[in-house]
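User: I'm in my first year and still learning to read protein models. Could you take a close look at one part with me, the place where the nonpolar side chains gather, and show how the surroundings fit in?

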Amino acid sequence: MQRFANERVIVQMVLLIVAVALYASTFQQSFSASDVAQSPMFFPRIILTLWIGLAIIALIQTLRVQQTQTPIASWARIGVVIVAALIYTNVIGAEGFFLPSVIFALICLPAFGIRNPFMIVLFAVLVPGALVFLFNHTLGMPLPTSRFTYLF
């Protein structure tokens, strides 16, 4: 039982469950496009399929590793990340992608054990900024924008 009740296995199971739930929710959407490739769910389904596959591989690898299993280090840390993720997913539609993503990273990176303030701020700003630039300004597939500016 100790093999299945550790932090790595629980995280992998949650990632798999989230991916499967998101994938299942795409089938409840109805769109007027007659061709599958023209559906707005075509690209997300591909990404979610890859996510599910990688989550299964990671879960199998985690279960197969014969290392000393340590108990969950901090339930509070897991709770902070879960609450931050719930708030983030509910705020992203109204406040845009960039600002909530920066705040989410600023909360979660220290919870994951990263302590260098320069690296936290650098990662929290550059990764969402690069994604906004890529999707909104390069690919023409806009992410939700802020009510303060259309740039992010």
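Analyst: Let's start with a term. A nonpolar core is a set of buried Ala, Val, Leu, Ile, Met, Phe, Trp, Tyr and Cys residues joined through side-chain atoms within 4.5 Å. Buried, in turn, means a relative accessible area under 20%. Keep in mind that what you're looking at is a predicted model.

Now for a quick overview before we zoom in. The protein chain has 5 helices and 0 strands, so if you walk along from the N terminus, the order reads α-α-α-α-α by the usual helix and strand runs. Out of its 152 residues, 26% count as buried. Take the contacts in the chain with a separation of 6 or more: 62% of them join residues 24 or more positions apart.

Here's the part you asked about. The largest nonpolar core has 12 residues in all: Y88, I92, F97, F98, V102, A105, L109, I120, A124, V132, F135 and L143. Helices α3, α4 and α5 each supply at least two of these core residues. There's also a second, separate core of 6 residues, and among them are V9, L16, A55 and L59.

Let's pick out a few members and their neighbours. V102, one of the core residues, is in contact with A124, V125 and P128 once you set aside neighbours within four places in sequence. A124 is on the core list too. What about V125? That residue lies in helix α5, and with a relative accessible area of 37% it is partly exposed. V125 touches F98 and V102, again not counting residues up to four places away in sequence, and both of those belong to the core. You can also check a backbone distance here: the C-alpha atoms of V125 and S101 are separated by 8.4 Å, while the two residues are 24 residues apart along the chain.

Next, Y88, because this core residue is also half of an aromatic pair with F104. The structure holds 1 aromatic pair. The ring centres of Y88 and F104 are 4.7 Å apart and the planes sit at 20°, so the pair is stacked. In case that phrasing is new, a pair of aromatic rings is described by the distance of the centres and the angle of the planes. Y88 lies in helix α3 (residues 75-95) and F104 in helix α4 (residues 98-111), so the pair ties together parts 16 residues apart in sequence. Are the two rings' residues equally hidden? Y88 is buried, at 18% relative accessible area, whereas F104 counts as partly exposed at 24%. The cut-off for buried is under 20%, so Y88 falls on one side of it and F104 on the other.

Now follow the chain past α5. S146 is found in the segment after that helix, and with a relative accessible area of 7% S146 is buried. Leaving out residues up to four places away in sequence, S146 touches E95, G96, L99 and F152. T145 is in the segment after α5 as well, but T145 counts as partly exposed, at 35% relative accessibility. With the same kind of neighbours left out, T145 touches E95, G96, N136, Y150 and F152. The C-alpha atoms of T145 and E95 are separated by 7.0 Å, though these residues are 50 residues apart along the chain.

E95 turns up once more. The structure holds 1 salt bridge, in which the side chains of R147 and E95 meet at 3.1 Å, N to O. R147 lies in the segment after α5 and E95 in helix α3, so this pair ties together parts that are 52 residues apart in sequence. R147 counts as exposed, with 62% relative accessibility, and E95 as partly exposed, with 21%. As background, side chains of opposite charge can pair when their charged atoms come close.

Finally, nonpolar side chains show up on the outside too. The accessible surface of the protein chain comes to about 10500 Å², and 73% of that belongs to carbon and sulfur atoms. A nonpolar patch on the surface, with about 910 Å² of accessible area together, includes F42, F43, I46, V127 and L131. Helices α2 (42-64) and α5 (117-139) each supply at least two residues of the patch. V127, for example, lies in helix α5 and counts as partly exposed at 34% relative accessibility. Helix α5, then, supplies residues to the patch and to the largest core.

Key: Residues numbered from 1 in each chain as written. Predicted model: local features only at pLDDT ≥ 70, side-chain atom pairs only at ≥ 80, totals over all residues. Heavy atoms only, no water. Helix = DSSP H or I, 4+ residues; strand = E, 2+ residues; numbered from the N terminus. Buried < 20%, exposed > 50% of the residue type's maximum accessible area, 1.4 Å probe, protein only. Contact = heavy atoms within 4.5 Å. Areas by Shrake-Rupley, 256 points an atom, 1.4 Å probe, with all protein chains shown as cover. Phe/Tyr/Trp six-rings, centres within 6.5 Å; stacked < 30°, edge-to-face > 60°. Patch = residues over 30% accessible without salt bridge, like charges linked within 9 Å, V, L, I, M, F, W, Y side chains within 5 Å. Salt bridge = Lys/Arg side-chain N within 4 Å of Asp/Glu carboxyl O.
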